[in-house]
Amino acid sequence: MKIFQILRPLLEIGVVVFAIVFGLRFITSFFSQKSKVYRPTFLRQFYLLFWPLLCLGVGLPNLGFYFYTTHLAPHEAVLLLALAAVLLGFSMPALLLHAQYYARNLHTTLVFDPKENKLEVYEGRVRIPFRQSELVRVERVTCKSNRLFWSNYDFLRLHLQTGEVLTLTSLLLNLAPLTEFLRSTPLEHRQRWFCWT
C-alpha cells in the first residue's frame, strides 16, 4: 500500500502537467496558420494514441490487480484475465505500430503545399532531391478495417527512378491529400489488417 501512497501524487501531478500542456497547445493552435511543414508533433501523436493509451490505462490495472491479490475465485481470475487480454490486445498493436512509425519518421520532415505544387522530403537537415516526374510509382497501404485502434496508421511509399524508396507514415500527416496530390503517378493501393512497414 505504501507504493500507492507514493504513486498517487506523482500520477496527479502528471495528469495536471499533461492537461496544462495540452490546453496550451490547443489554445495556441487557434492563433497559428496552417503549417505546410509536417513532422511528428505532439498533437498528431496524441490524436493517434488517445484510444490505445486509454485502453492500456484500463487494462494494466486489471492485470496488476490479478498479480497483486491472492484471494480471487477461479471464475473471477478468468474474467479479469480475459478483460485485461482484450484491452491489451486492442492497444498493443497500435502502440507497436506507433513505435515503428516513430522510429522510421522521427527525423523526417515533409514540406507539402499542393497550391504551390511543392513536395520536399528531408531526412534530418538533408533534403532528398527528387521531382514529381522522377516518381516511378506510389504505394499506399491502409488498414482493411476502419474500426480498429490501429486503423489510422497507414503509410505511403514513394518509389524513385534511382531505386530509392521513401516511406512517409501517418505519423507526419493524414496521407489522403498527399495521395490525391500524387494522382498523376501510378498508384498501387493495398489493404492489410496490420500496416507494418
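In which loop is Asn117 found? In this predicted model, Asn117 belongs to the loop between E2 and E3. The report below begins with the sheet that contains those strands and then turns to a second sheet and its surroundings.

**The sheet E1-E2-E3-E4**

Four strands make up an open sheet, ordered E1-E2-E3-E4, and their pairing is antiparallel. The edges are occupied by strand E1 (37-38) and strand E4 (126-128); each has a single partner strand, so one side of each is left without a neighbour in the sheet. Strands E2 and E3 pair in the antiparallel sense, and within this pairing Phe112 has Leu119 of E3 as its bridge partner.

The loop between E2 and E3 holds Asn117. Although Asn117 is not a glycine, its phi is positive, at about 55 degrees. Is Asn117 buried or exposed? With a relative accessible area of 54%, Asn117 is exposed, because the cut-off for that class is over 50%.

**The sheet E7-E6-E5-E8**

A further open sheet of four strands follows the order E7-E6-E5-E8, with mixed pairing. Strand E7 (165-169) and strand E8 (187-192) are its edge strands, each pairing on one side only. On average, neighbouring strands of this sheet are turned by 20 degrees against each other, direction ignored. Strands E5 and E6 run antiparallel, and Val138 has Leu158 of E6 as its bridge partner.

Helix H3 (residues 74-105) packs on this sheet and touches E6 and E7. The direction of H3 makes about 130 degrees with that of E7.

The table sets out one antiparallel pair from each sheet.

| Strand pair | Residues | Bridges | A bridge pair |
|---|---|---|---|
| E2 and E3 | 108-113 and 118-123 | six bridges | Phe112 and Leu119 |
| E5 and E6 | 135-143 and 155-160 | six bridges | Val138 and Leu158 |

**Leu148 and its contacts**

The loop between E5 and E6 contains Leu148. What is the relative accessible area of Leu148? The value is 21%, and Leu148 is therefore partly exposed, since buried means under 20%.

Which residues does Leu148 contact when its neighbours within four places in sequence are left aside? Leu148 is in contact with Phe90 and Trp193. Along the chain, Leu148 and Trp193 are 45 residues apart, while their C-alpha atoms are separated by 9.4 Å.

Conventions: Residues numbered from 1 in each chain as written. Predicted model: local features only at pLDDT ≥ 70, side-chain atom pairs only at ≥ 80, totals over all residues. Heavy atoms only, no water. Pairing = 2+ DSSP bridges. Helix = DSSP H or I, 4+ residues; strand = E, 2+ residues; numbered from the N terminus. Buried < 20%, exposed > 50% of the residue type's maximum accessible area, 1.4 Å probe, protein only. Axes fitted to C-alpha atoms, helices over the stretch in contact; angles between N-to-C directions. Contact = heavy atoms within 4.5 Å.
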